[in-house]
Amino acid sequence: MPKKKTAKKAANNKNQAYQAPEFLVDLLNARSPTGAEYEAQAVVDQYVEDEVDAYRRDTMGNRFATVNPDGDPKLLFAGHIDELGLIITYINDQGFVYFDTLGGHDKSMISGRRVSILTKNGIVKGVTGKRAIHLMSAEDRKKVPETHEIWIDLGVKDKAEAEGLVRIGDTAVYDQSFELVRGSVGVARAFDDKAGAYAVMEAVRRLTKGKLDARVTAAATTQEEIGTRGAMTAAFSENPDFAIAVDVGHATDSPDCDPRKYGSFKQGGGPIICRGPNINPVIFDLIVRAAEKNKIPYQVEADPRPTGTDARAIQVAQAGIATGLLSIPLRYMHTPSEMVDLEDIEHTVQLLVAVAKSLKKGDRGIW
């Protein structure tokens with residue numbers, strides 16, 4: 001793992017290449033399928049543990065970083081470090097490895113991918129395979145294969161050789177790393193939600209400087225992709241007065257996204273502030289005021305139901321927590337090449353910092 005360095009901001013000089021923050025890049029490249037978030041945990045530990053007033057781990061694998069531990073009110077930021085993955089379920093006599101999915105995959109995109117399998121002896125490489133198009137009937141070509149009709153090819157001769165490399169229950173992710181494609185726009189297999197996890201942890205690192213009334217804790221949560229499970233225990237153990245979950249949201253400025261159905265959200269337009277029954281109106285107003293006071297670009301999304309994010313779990317923990325949600329605009333969610341403008345991530349960090357600094361002793365989310 002590279003030596004810790006301070007994250008670099010985007011270059012102002014148009015002739016100079018955009019510099020992605022090293023903390024973010026390391027987190028994006030960490031392999032952390034749901035339930036096996038070890039590599040992402042290690043990145044957070046490396047960049048954050050020594051920078052904050054208090055740091056802890058829990059049995060769910062969550063990471064908690066706190067500044068101003070005696071402050072009031074208590075504010076929790078949450079972003080999940082788990083990502084989509086595969087889990088090995090069966091190895092046949094020829095050594096082909098079968099799997100189930102971790103999280104919500106588009107099955108049409110699974111085959112033909114290079115994968116990295118996390119094993120007790122390190123990373124094992126493989127390729128997801130299915131019957132070639134030349135060997136399919138006209139009807140078969142129209143179908144999306146079921147998971148059991150796709151396998152991982154390790155390039156081995158038989159079951160014994162495969163079992164010497166991998167075990168049932170080992171997990172895997174697509175072998176796809178972060179890359180800048182144009183200016184501050186980048187692609188990675190897991191901006192969902194390494195972008196949010198970076199944002200909450202980077203915000204707390206920046207909050208170590210300057211005056212602060214609130215106690216602020218950032219949680220890098222686990223197992224969001226299978227039901228916001230890390231957030232459930234994080235919210236229970238922290239029991240904050242306010243919380244802001246940070247995840248990704250759909251940028252609908254690409255073809256075939258109907259704004260009448262999904263709303264209008266632009267990549268590069270700033271963080272999306274959610275409004276609806278999952279969102280406490282006091283924290284919503286605090287977030288909007290902080291954005292406008294600090295001239296941070298933002299967008300507003302209306303969601304009529306509990307969101308599919310950590311906010312859903314946090315809002316109803318304990319006696320109820322005043323919860324908000326920021327979403328970083330993202331194209332091609334849950335694919336091997338998700339796209340984000342890194343300036344949207346930076347503006348999210350700035351907004352989290354601004355909200356934390358705006359809280360005063362005695363503030364509560366009761367309405």
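This report looks at a pair of helices and two cysteines in a predicted model.

## How α7 and α9 cross

Two packed helices are described by the angle between their axes and the distance between the axes. Let's try that on helix α7, which covers residues 281-293, and helix α9, which covers residues 342-358. Their axes come within 9 Å and cross at roughly 115°. That angle makes α7 roughly perpendicular to α9, since angles of 65 to 115 degrees count that way. As for handedness, α7 passes α9 in a right-handed crossing.

## What sits at the contact

Which residues of α7 meet α9? On the α7 side you'll find I283, L286, I287, A290 and A291. Their partners in α9 are L351, A354, V355 and S358. Sort the residues of this contact by type, and you get 8 nonpolar, 1 polar and no charged.

## Checking the cysteines

How many disulfides are there? The count comes to 0. Take C257: it is in no disulfide, and the nearest cysteine sulfur, that of C274, is 18 Å away. Now look from the other end: the closest cysteine sulfur to that of C274 is in C257, and 18 Å is too far for a bond, because a disulfide needs the two sulfur atoms within 2.5 Å.

Are these two cysteines buried or exposed, or somewhere in between? C257 counts as partly exposed because its relative accessibility is 26%. C274 has a relative accessible area of 1%, so C274 is buried; the cut-off for buried is under 20%.

Key
Residues numbered from 1 in each chain as written. Predicted model: local features only at pLDDT ≥ 70, side-chain atom pairs only at ≥ 80, totals over all residues. Heavy atoms only, no water. Axes fitted to C-alpha atoms, helices over the stretch in contact; angles between N-to-C directions. Helix = DSSP H or I, 4+ residues; strand = E, 2+ residues; numbered from the N terminus. Parallel < 35°, antiparallel > 145°, perpendicular 65-115°, else oblique. Left-handed = near helix turned anticlockwise from the far one by under 90°. Contact = heavy atoms within 4.5 Å. Nonpolar A, V, L, I, M, F, W, Y, C, P; charged D, E, K, R; others polar. Buried < 20%, exposed > 50% of the residue type's maximum accessible area, 1.4 Å probe, protein only.
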